[in-house]
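Colleague: Hello! I have just opened this entry and would like some help in reading it. Could we go through the contacts between chains together?

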Amino acid sequence: MIVTGYVLEIAQVALALLLAPGLAGFVRWLKARFQNRRGAPPWQPYFELRKLFGKEVVMSNNASWLFRVAPYIIFASTVTVTLLVPMIVAPLALDGMGDLLMVVYLLLLGTFFLALAGLDPGTAFGGMGASREMTVAAIAEPTIALAIFSLALSAGSTNLGRIVTQELANPAVTVSPGHLLALAALFIVTLAETGRLPVDNPATHLELTMIHEAMILEYSGRYLALIEWASWLKLTIFFTLLANLFVPWGIATTFDPAALTLAVLALIVKLAVLGGIVAVVETRVAKLRLFRVPELLGASFVLALLAVTSSFLLK
Amino acid sequence: MTWLLVVMIAGYGIGAVGALTLGRSLFVRAAATSGAIIGAGAAFILGSANLLSGQTLTIQISDILPITGFALRLDGLGAFFLVVIGLLGVPVALYSFGYSAAYEGRYSLRLIGAMLNGLLLTLSLQVMADNALTFLLLWETMSLSAYWLVVTEHDQPGTLQAGGWYIAMTHIGFAALVAMFLLLSGGDAMSTSFAAMRANALTLAPLARDAVFLLALFGFGSKAGVVPLHVWLPMAHPVAPSHVSALMSGVVIKMGIYGLLRVTLDLLGGGPAWWGALVLAVGTVTALLGVLYALMEHDLKRLLAFHSVENIGIILIGIGAGLIFRSYGLMALATLGFIGGLYHTINHASFKGLLFLGAGSVLHATGTRNMEEMGGLIKRMPWTALFFLIGAAAISALPPLNGFVSEWLVFQALLGGFNIPVPEVAVAFPLAVGMLALTSGLAAACFVKAFGISFLAIPRSHEAEHAHEAPLSMRIGMAILALACIALGLAPFSVVPLLGGVLAGLGGLPDTRSVFTLDLMVQAPAGFAQVSPTWIGLGLLILLALIPLVMRLMHVNRKRRVSDTWGCGRIGQTPRMEYTATSFAEPLRRVFAELYRPTKELSIDFHPESKYFVKSIKYSSRITPLFDRVLYDPLLRLIQRISRQVRRIQTGSLHLYLMYVAVILILLLIAARWF
Amino acid sequence: MPALFKKIFQTGIVTEPLGPDEAEIIQLVGQVNQKTQRLLGRALAIREVDAGSCNGCEIEITGLTGPVYDSERFGIHFVASPRHADMLLVTGPVTRNMEVPLRKTYEATPDPKLVVAVGDCARTCGVFKSSYAVVGSVDKVIPVDVFIPGCPPEPADILRGILAALDRMPKKRI
Ligand code: SF4
């Protein structure tokens, strides 16, 4: 039983690594279709990864060892998060290793090193990206914390496995106002943290409007592959959090093969639905001016605060 | 254990005396360093031994002080702070050996060495003081020795002014402490021992207890650097020698925390919920304002000083939450809050000490504290850069380092807020959660700036270009603290139960040693949540080893070529093209413009022939901190106005002064007659 | 919002075949799939360098990314930094001011890489020939794999040129 648990952990990491490029590609494909284009097939990012791993690395002569180490730290910290987030089964064998706060701060670890790597070559674009990324990350933080508070309030724990099992046991919680408000708040934060419109345009070529892309302009080859993969993985993680913390059905609570298969299917469907929503949003909205982003995040903070107060009053 | 105490005092004593009496400056430095290492090492061992065994050590020397004598007693709380002092004292002493070499011939090495030992001695004894007189005496000696160390570089601009602010604020606080002890002892000179006060506190009227608490918060708050009493901190820390800054930030201001805990929790035995709510509110404001002003700061040491303000705020959030829970009888949660606060205390001592030592090495190498003149140091001072990076990641609460663990504990305490039966109080907790999260997010942003601008990219000045690595003693000093940051982050499961033991019995808190232990994990009460930084750290390490391995197995292209930085094809890259610290902080400055109220000045110098040609553009922008604006500036103006009035009666004429004396004398005689 | 999406669905996909006859397109797509799959993993990142063109060529290249030609369906996309690129698409005669930047861009691109010179100017300097501001054709500055003739060439031609360049790939080291 215990061994199965650990095997499942590893299987889940592999699944996340496998699904992540597909999810990013799916969103891109759907957006292309919304632009009346044929677009690249959803599996395009896999080809990109393979190509990048086959290319050489060109490094700036100003960059230091930090620039070389950062991709590994970013990738490792993001992969570690997938050990903690219940994707197909809850609770995970390693559920006690980390809770939602650990997830948030591990992701911050990646952001921290990405921003430093942006500053390392000494270009103006890298610095600009780093500054913006950290600004957005810092302002998004309180919303995440409050959303966690509101989830913890109804589940009685911040450990993800416990939140999911509590909700499965007590489905009424998932439609409580506190929950729905927290979902809305976390959705806005997801857009901001994963660099989607209206905060950041993942398809931009104009350096002055970039956030995420500006930091990685200097990266190439395998380093770029690791960073891109990690950012797709981050998208997958945030989607999974939205999906499984707020609509937990489908996730397996036993190690029964049938339940697990169903859980994988459910996960893919949920990710696809969220990807569809994001594609619709990205088609509909324009990118916000950088200095309007705090207003958006401020709104999400208010939503999260309302979520906590309402879970408080209705408890 | 008494012999350890003797070794400790003897070590500091030898260090101080040796520094004062030896001849050659090398010997002076060696004596001061070795004495301080022996003393601080003994303090560390004494504290740890006490924590592990749980015994209390009591020593009473009646003849030194009048009335109650010189009384020392080392209990768990004191022992914990003693460990903090020792943990920081040893590396700081080692570091000072290399650092003060540059002072030779400019400032008195003897004074620095002796005062360093004196400061460490008074700090180490401070946490053992067992009566009011001993406490106040040591408090004052500590403040004064710290003052002498702060004004070491007395000929530098701003140093004496900073010293002045420090000594003024600390004495305002001291006055509050005297009043507080007077109230606590009930005016009876014989009952100034802490044991008597503990008994006396129970019989005090509620109003008097409130007054004691408020005086303690004010008096100790001024030492700890609580907003709005923090103004001296960002002035005094930067001008002090860097190892002194580390000591000030790491332990001297922590004495404020120690005092607050000692009085509110131990002597008063806790109080009503509004005490905790006040501490929580003050802590939240302190944390947020501290980090917000740190973001705007481009003097590396001032930036760190503002972060000390922030971290004191985080510690107070934990303590405030603990006090609130205690007043509602939620003892397990209360302990969690206090443990969070205490854990953050030792964590802050280690990472802030490390960061100040790192900043000192940079100052040592480049001669500047201005981040805009640094850059590229990671290649010139690789060790310092690595240590500073560890400190920066730790203070940004990134797992698996120590900052994360203590912030997690504080978060968990705050998340327990819904257990409080009174909604008005409970609603404060989510707000505190939000503000704490904002604080830690901003801190991460600030340290990306601090490390990124100072250490990465290309040097922005000649000095940075020719920087050199710090000498060995300084590097070892930093290495010890870096290891402490890692160890405290990876092994919280062994620290948390110890802290539970420290708190057991204080203010009626239960012994929670068993509640919080779990193998390699940290757990909030009632199984609310658990994390294991140990396993996460291990997982990260395994992955970091595994990724390159897998990549090699998959035949990933391993070629690497070094080329020019990509700058859209422009010919050369100069430091002027880099992002600066100011520009890095610009988005946040706009976001929080309401608070900063920046003033901008733009002057353009045109060519005399045509205004289409610009000769030079000068842009300057300044922000005045909120409390300078609304509190201190008006206050100083008022004092100046009063002083001007007073000056009128002070004419310099001896006859007039004699007349004043006579008049006062007569008035006093009449008054004495009257009453 | 409903109006927007109604319009999107009514319009349908507008991406057009590349040439006048269908067989050619099928062949072309087949080629792209085979070649790029093998060589550049069916993901080709292009950095465009305007070395001094009149912008006529740029307008045609921009057409590639639009819904009608939609180069992305073949996994060809444009990137913001030569560090991310596999191919440089150079237009125009190389002017004095763009000589060093062009060289730097080439240096900044990681191997394996390709260079495609677009337009008559890139090969012969066109109408700008023997201007004092022009250094010469693109291949005087960096090695070129394929020239695409035309003033300006059509998007379909450019796509064909890109394919031809991919054909040369095995001869270069990979
Ligand atoms: S080839 Fe023609 S369209 Fe292209 S740059 Fe030259 S002149 Fe302009």
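Modeller: Gladly! Let us start with one pair of residues: A:V57 stands opposite B:R560, which belongs to strand 5 of chain B. Please keep in mind that this is a predicted model.

Colleague: Which strand of chain A pairs with strand 5 of chain B, and in which sense, parallel or antiparallel?

Modeller: To read strand pairing, look for the bridges that link two strands. Here strand 1 of chain A, residues 57-60, runs parallel to strand 5 of chain B, and four bridges connect them.

Colleague: How many salt bridges are there between chain B and chain A?

Modeller: For a salt bridge, look for a Lys or Arg side-chain nitrogen within 4 Å of a carboxyl oxygen of Asp or Glu. Between chain B and chain A the count is one. The partners are A:E56 and B:R561, whose side chains come to 3.0 Å, N to O. Over all chains, the structure holds 24 salt bridges. The A:E56 and B:R561 pair joins two chains, because A:E56 is in the loop between helix 2 (44-53) and strand 1 of chain A, while B:R561 is in strand 5 of chain B.

Colleague: How many residues of each chain are in contact there?

Modeller: Counting contacts on both sides is a good way to begin with an interface. Chain B brings 79 residues into contact with 78 residues of chain A. About 6,700 Å² is buried between these two chains, and carbon and sulfur atoms give 74% of that area. On the side of chain B, B:F418, B:R560 and B:Y579 supply 9% of the area buried against chain A, more than any other three residues.

Colleague: What about polar contacts, and which element of chain B gives the largest share of the side that touches chain A?

Modeller: The rule finds 29 residue pairs in polar contact across the interface of chain B and chain A, both residues being at pLDDT 80 or more. Several elements of chain B give two or more residues to that side, including helix 16 (382-395), helix 19 (428-455), helix 23 (533-553) and strand 5 (560-563). Helix 19 of chain B has the largest share, with 18 residues. By class, the side of chain B that touches chain A has 56 nonpolar, 14 polar and nine charged residues.

Colleague: And how many residues does the contact of chain B with chain C take?

Modeller: We can read that interface in the same steps. Eight residues of chain B and 14 residues of chain C take part. The area buried between chain B and chain C is about 880 Å², with 46% from carbon and sulfur atoms. In chain B, the residues that lose the most area to chain C are B:R561, B:W566 and B:G569, together 60% of what that side buries.

Colleague: Which residues form the salt bridge between chain B and chain C?

Modeller: B:D564 and C:K104 do, with their closest N and O atoms 2.4 Å apart. The rule finds one salt bridge across this interface, along with four residue pairs in polar contact, both at pLDDT 80 or more. The side of chain B that touches chain C divides into two nonpolar, three polar and three charged residues.

Colleague: Finally, which residues are around the ligand?

Modeller: For a ligand, read the shell residue by residue. Among those around the ligand are C:C54, C:C57, C:D120, C:C121 and C:C151. Helix 3 (56-65) and helix 5 (120-124) of chain C each supply at least two residues of this shell. The shell has five nonpolar residues, four polar and one charged.

Definitions and conventions. Residues numbered from 1 in each chain as written. Chains lettered and ligands numbered in written order. Predicted model: local features only at pLDDT ≥ 70, side-chain atom pairs only at ≥ 80, totals over all residues. Heavy atoms only, no water. Near = heavy atom within 4 Å. Nonpolar A, V, L, I, M, F, W, Y, C, P; charged D, E, K, R; others polar. Contact = heavy atoms within 4.5 Å. Buried area = accessible area lost by both parts, 1.4 Å probe. Polar contact = N/O pair within 3.5 Å; in protein donor to acceptor, adjacent residues only side chain to side chain. Pairing = 2+ DSSP bridges.
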